[in-house]
Structures are given as C-alpha cells and as structure tokens.
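Work through the exercises below with the sequence and the coordinates open beside you. Try each task before reading the solution that follows.

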Amino acid sequence: MKLKSDIRLTFAVLASYTLLIAFVSCKKTEAPSTTVELLSFGPAGATHGEQIRFIGNNLDKVTAIDLTGASVASSAFIEQTTELIVITVPIDAEHGPVTLKTPTGDIVSKSPLNLEVPVEISSITETVKPGATITIVGEYLNWISAVTFEGGAIMATFESQSRTELVVRVPLEAKTGPLVFSCGGTEPIELESEEPLTVILPTISALTPIPVRHGSELTITGSDLDLVEGVTFTGLDEAVTEFVSQSETQLVITVPNGANNGNIAVMSFSGVSVASEEDLAVVLPTVTAFNPNPVARGAELTIVGTELNLVKGVLFKGTDNAITEFIKQSDTELVLAVPETTNKGTVTLVTHPLIDVESTISLNIVGDLPPLAPLGYAIYADAIVNSWGDWGWNGTVDFNNTENVRDGSMTIKKGYDGTYGGLRFGGGSVSTLPYTEIVFSIFGTPGTGGLKINVIANEQWGAPHTITIVEGEWVEFKLSKADLGISDELKDLIFQDQGWSGTIYVDHVGLR
C-alpha cells in the first residue's frame with residue numbers, strides 16, 4: 001500500500017514537470033515578426049549607375065524603392081531576399097530620403113541618400129539682360145543648389161531644373177563675369193564657368209534739350225534704360241534716383257541744382273555706370289563786360305551779360321563774402337556797389353543752381369598799379385613755366401592763388417613759419433646774356449612790413465641779396481646780375497625768410 005502510494009506521487013510530480021516543459025516550449029517557438037524593417041543602406045559616395053544595398057528584415061515583401069527623382073520596381077532589383085536588396089542607382093536619382101514600398105505601407109529612411117555626382121556644364125547663354133533668364137545645359141544639373149553671379153548676387157531658386165537643363169533668372173544686381181555653381185553630393189563642390197556671362201548695360205544715345213535749365217526736365221534717350229537705378233551729374237556727388245518717367249528707350253529726369261557742364265552717367269542696379277559721350281550743357285550766367293572798368297571802390301558797377309537773373313551773389317577778389325544785395329538785376333544786367341576791399345581780378349557769380357561761374361575778363365580798380373612791362377623770360381607768370389619746378393621747403397605755398405594778383409590771373413601765396421623756409425624755383429636753366437636784370441613783385445600782408453628776405457641765385461648761400469618787404473602794397477624789385485652774383489646762367493632762384501613767420505604774395509618772376 002505504501003509502495004502504491006509512492007508510485008502515484010512520483011507519477012504526479014512527473015506529470016506536472018511535463019506540463020511545465022510543454023508550456024515553456026510554447027513560449028520559445030512563438031511565430032516570427034512579418035514587419036518590414038530597413039536597418040541600413042549604402043555605401044555612401046556611390047555614383048549613378050553603381051549598386052547600393054539595403055539591409056533589413058522581411059525585405060522580400062518590398063515591391064518598389066522610391067528615390068527622390070526616380071523609382072525602382074522590384075522587377076528591376078538585382079537581388080532581393082528577406083534581409084537584402086541590391087539595386088542600381090538610376091541616373092535621375094537625387095539627394096533625398098528613400099522610401100520602401102510594401103503592401104502594408106511605406107517605410108521612409110531616417111537619413112537621405114547622397115551620391116558623388118560629377119556635375120558637367122556644356123553650354124550657357126552668352127548674353128543676357130538683367131531680369132531675364134539664362135539656360136544652362138549639361139549633366140546632373142539637378143544637383144546644383146545655387147548659382148552665384150559676378151558681383152555677389154546669388155540665386156537659389158530656379159525657373160526650372162532637370163538633370164540636363166537649368167533655367168535661372170538673372171538678378172538685377174548681376175555684373176558681367178563668370179558664374180559659380182554650388183553642387184551637392186557627398187563631396188559638395190563649386191564649379192566656375194569657363195566663359196563670362198555678358199550682362200547688358202544701359203546706354204545713352206542723346207540728351208535733350210541742350211542746354212538745359214536747372215529744375216527743368218532732361219530727356220535721356222538710349223537703350224535698356226529700364227535698367228537704370230540712378231543718374232549722376234558732373235558737379236554732384238549723389239546720384240538722382242527719382243525719375244519723371246522711365247522706359248526701355250527713354251528716361252526723363254529733373255535737372256538738380258548743382259549739376260554742372262560735363263557728361264552724365266546712368267548707373268545700373270549692379271552699380272556699374274555708363275557715361276554719356278555727349279556733354280550736358282546747363283544754362284549759366286555769363287559776363288561780357290564791366291562798366292566802368294576800371295571802377296572805383298565803393299562806386300556802382302554794372303555787370304553786363306546773359307542769364308544774370310540766375311545770380312544770387314557776386315564775389316570780388318579781396319573779399320570773403322559774396323555781395324547779395326543788388327541795386328538792379330535782370331537777365332542782361334546786374335548793378336551793385338563795389339566793396340572797399342576789392343582787388344583787381346576776375347569776378348565770381350554765385351548762382352541759384354549752386355554753381356560758381358568765374359568771369360573770363362578781369363575787373364580793374366581805379367588807382368591800382370598799372371600793368372607790368374612784359375617779361376623777356378618768365379619763370380612764373382600765372383604758373384611756373386619754362387621747365388622750372390617747385391623746389392621749395394618748409395611753410396606753405398599756393399601757386400594758383402587768386403586772392404591778390406599783381407598781374408594776370410594767378411599769383412603765388414607763400415607762408416613762412418620761422419624755420420628759414422624757402423620759395424625756390426629749381427630744375428630750370430636760362431642764359432642771362434640777353435638780359436640785364438632779374439625781376440619779381442612782392443606784396444606784404446599785415447605784420448610783414450620791414451621784414452627781410454634773402455634772395456639767393458645758383459645756391460650761393462654765402463652771398464644772399466637782401467630785400468625789405470613793404471606791407472599792404474605791391475612792389476616790383478629789379479636786381480642786377482651783379483646783385484645776385486651771376487654772369488651767364490641762372491639755374492636756381494630762392495626767396496628765404498630770415499627766421500620770421502608771415503605771408504607774402506609773389507608774382508611776375510623772370511628776366512628782362
């Protein structure tokens with residue numbers, strides 16, 4: 001009895017163990033997943049026409065693989081198993097995600113497909129007007145992401161793009177020059193065109209009317225004038241950017257105050273300017289006569305000329321401020337009082353259009369010195385002449401000064417600073433045999449009366465000839481050749497201060 005009981009217990013234990021094994025066995029032999037999985041694909045850097053591999057699970061269920069720009073059906077797979085698909089990269093494939101097509105839905109890759117792409121350019125439109133399009137022909141042009149034009153303008157959106165053709169609109173800021181193409185791929189590169197793109201510029205064929213008045217309309221005729229962003233005038237720094245009207249063949253603009261005679265230029269949006277071959281002439285006042293001439297200081301002067309209604313001020317030599325109050329003013333006549341400080345010389349008309357017009361004739365003053373006798377040989381007469389040059393040192397010098405002229409229209413203004421500076425004429429040479437004296441005129445400004453100047457010829461520093469300045473008037477000095485220690489040649493002439501500071505005017509330097 002006892003034995004039977006033990007046998008039944010043993011059998012029960014064995015039965016329980018068998019059921020446990022059976023249960024565990026059922027858990028381990030659960031059915032495998034049927035979900036399609038993409039684990040990886042590559043290699044990176046493959047080119048069109050090469051093979052790439054897709055690794056995953058249940059890939060035998062994939063019916064097609066969509067690439068950006070191309071699709072490969074399962075019938076075109078080189079190999080397909082549950083764990084591997086091999087395809088050839090289509091020529092139209094582009095950078096982008098990969099999509100596996102399955103009966104139960106799409107599987108999109110987390111990373112994009114990228115290839116090594118040999119972009120080729122075979123032809124480009126040669127000439128273009130800004131705002132129009134150019135066509136680029138080549139291979140793998142669908143991998144171009146941007147086009148950079150000369151001048152820096154970049155176009156990253158295109159009118160159309162395919163593998164063999166790219167159509168790009170040219171920005172208004174583009175200049176003539178090569179194009180640079182930014183190309184994608186595993187190794188992005190930039191390609192520069194071999195030939196430059198010629199960008200059309202506006203041109204000017206005619207200006208009307210000429211002459212033109214300030215504040216009136218000027219018509220510019222030409223071609224491609226719709227490309228003009230601004231117009232620049234002689235005499236003005238800023239371009240005019242507001243137009244009365246604008247078309248491809250005509251541009252109408254109001255002539256601004258300050259515009260002077262000379263060419264104009266039309267400026268394109270790229271900043272490139274094209275100048276007119278014809279000069280613009282603006283209506284300005286002219287002086288034909290002074291009445292009386294010479295005139296007394298403080299007396300009435302009549303200026304005769306044309307367009308004198310444009311004058312808002314008259315500036316005389318020797319004065320700092322223009323006279324703006326007139327006794328009478330018309331188109332042909334201007335009457336005013338002559339300032340007490342007026343010096344002889346030309347007169348400047350200050351116009352309402354902000355342009356100064358200098359008379360071509362000189363005004364003489366009653367009581368002034370008579371004209372100087374002509375020079376037999378000139379070193380300075382309105383300018384340094386006869387191959388002489390400025391060899392001076394220290395201080396300041398102006399060889400084109402018009403403030404206080406002794407004879408002609410220009411004089412020398414020399415400022416000494418107390419350092420034994422020199423006004424020096426050098427680099428020339430003249431035989432003194434035909435002449436008897438060296439002459440020059442000097443005017444002393446306030447504070448220089450009685451000061452002395454050393455006159456040195458041919459660098460004879462130890463034997464200067466001393467002259468004394470007269471303040472407030474022109475004095476003509478006449479030195480003999482013996483005074484300067486020269487006999488048959490003059491090749492250097494110096495006017496040196498003796499350690500004092502001040503300003504003098506020097507005029508009419510030469511030999512008689």
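The exercises concern a predicted model and go from confidence to empty space, then to single residues and the backbone.

**Exercise 1. Confidence**

Task: State the mean pLDDT of the protein chain and what share of its residues reach 70 or more, then find what contacts residues 1–28 have beyond near neighbours in sequence.

Solution: Begin with the chain as a whole, for which the mean pLDDT is 90, with 94% of the residues at 70 or more. Turn next to residues 1–28, where the pLDDT is below 50 and where the model shows zero contacts beyond near neighbours in sequence.

**Exercise 2. The two largest pockets**

Task: Describe the largest pocket by its volume, by the residues closest to its centre and by the character of its lining, and then do the corresponding work for the second largest pocket.

Solution: The volume of the largest pocket comes to about 510 Å³. It is lined by 26 residues, of which Gly-318, Asn-343, Glu-403, Asn-404 and Val-405 are the closest to the centre. Sorted by character, the lining of the largest pocket consists of eight nonpolar, ten polar and eight charged residues.

The second largest pocket holds about 320 Å³. Its lining has 13 residues, and those closest to its centre are Ile-121, Ile-124, Ser-193, Glu-194 and Glu-195. Two strands, E9 (120–124) and E17 (189–192), each supply at least two residues of this lining, and E9 gives the most, with four residues. By character, the lining of the second largest pocket divides into five nonpolar, four polar and four charged residues.

**Exercise 3. Enclosed space**

Task: Determine how many cavities of 30 Å³ or more a search of the whole structure finds, and which residues line the largest cavity.

Solution: The search of the whole structure returns one cavity of 30 Å³ or more, and the volume of the largest cavity is about 40 Å³. The residues lining the largest cavity are Pro-130, Leu-172, Ala-174, Val-199, Ile-200, Leu-201, Ser-268, Phe-269 and Ser-270. Classifying them gives seven nonpolar, two polar and no charged residues.

**Exercise 4. Four residues and their surroundings**

Task: Decide for Arg-424, Leu-284, Ser-441 and Glu-229 whether each is buried or partly exposed, and describe the surroundings of each residue.

Solution: Arg-424 belongs to strand E37 (residues 422–426), and because its relative accessibility is 11%, under the 20% limit, Arg-424 counts as buried. Its side chain makes a polar contact with the side chain of Glu-459 at 2.4 Å. Apart from neighbours within four places in sequence, the contacts of Arg-424 include Trp-391, Trp-393, Glu-459 and Asp-492.

Leu-284 sits in the loop between strand E25 (273–275) and strand E26 (286–291), and its relative accessible area of 16% is why Leu-284 is classed as buried. Residues touching Leu-284 from beyond four places away in sequence include His-214, Leu-310, Ile-355 and Val-357. The C-alpha atom of Leu-284 is 9.7 Å from that of Asn-309, which is 25 residues apart along the chain.

Ser-441, in strand E39 (residues 437–444), has a relative accessible area of 1% and is therefore buried. Leaving aside neighbours within four places in sequence, the contacts of Ser-441 include Leu-372, Arg-406, Trp-474 and Tyr-505.

Glu-229 is part of strand E21 (residues 228–233), and its relative accessibility of 35% places Glu-229 in the partly exposed class. Beyond neighbours within four places in sequence, Glu-229 is in contact with Val-240, Thr-241, Phe-243, Met-267, Ser-268 and Phe-269. Between the C-alpha atoms of Glu-229 and Val-240, eleven residues apart along the chain, the separation is 8.6 Å.

**Exercise 5. Backbone geometry**

Task: Find which residue a cis peptide bond joins to Pro-209 and which to Pro-211, and then examine phi of Leu-354 and of Asn-386.

Solution: Thr-208 and Pro-209 are joined by a cis peptide bond with omega about -5°, and Ile-210 and Pro-211 by a cis peptide bond with omega about 0°. Pro-209 lies in the loop between strand E19 (203–208) and strand E20 (217–223), and Pro-211 is likewise placed in the loop between E19 and E20.

For Leu-354, a residue other than glycine, phi is positive and near 70°. Leu-354 is in the loop between strand E31 (345–351) and strand E32 (356–363), and at 58% relative accessibility it counts as exposed. Asn-386, also not a glycine, has a positive phi of about 55°. Asn-386 is located in the loop between strand E33 (377–380) and strand E34 (389–390), and its relative accessible area of 42% makes Asn-386 partly exposed.

How values were computed:
Residues are numbered from 1 along each chain as its sequence is written. This is a predicted model: local features need pLDDT of at least 70, side-chain atom pairs count only at pLDDT 80 or more; totals for chains, interfaces and linings use all residues. Side-chain values use heavy atoms; hydrogens and water are left out. pLDDT is the predictor's confidence in each residue, from 0 to 100. Contact means heavy atoms within 4.5 Å. On a 1 Å grid over the protein atoms alone, a cavity is a set of points where a 1.4 Å probe fits but cannot get out, and a pocket is an open set with protein on both sides within 12 Å along at least five of seven lines; lining residues have an atom within 4 Å of a point. Grid points are joined across faces, edges and corners, and a volume is the space filled by probe spheres set on the points. Ala, Val, Leu, Ile, Met, Phe, Trp, Tyr, Cys and Pro count as nonpolar, Asp, Glu, Lys and Arg as charged, and the others, Gly among them, as polar. Buried means under 20% relative accessible area, exposed over 50%, partly exposed in between (1.4 Å probe, protein chains only). A polar contact is a pair of N or O atoms within 3.5 Å; within protein, one must be able to donate a hydrogen and the other to accept it, and residues adjacent in sequence count only if both atoms are side-chain atoms.
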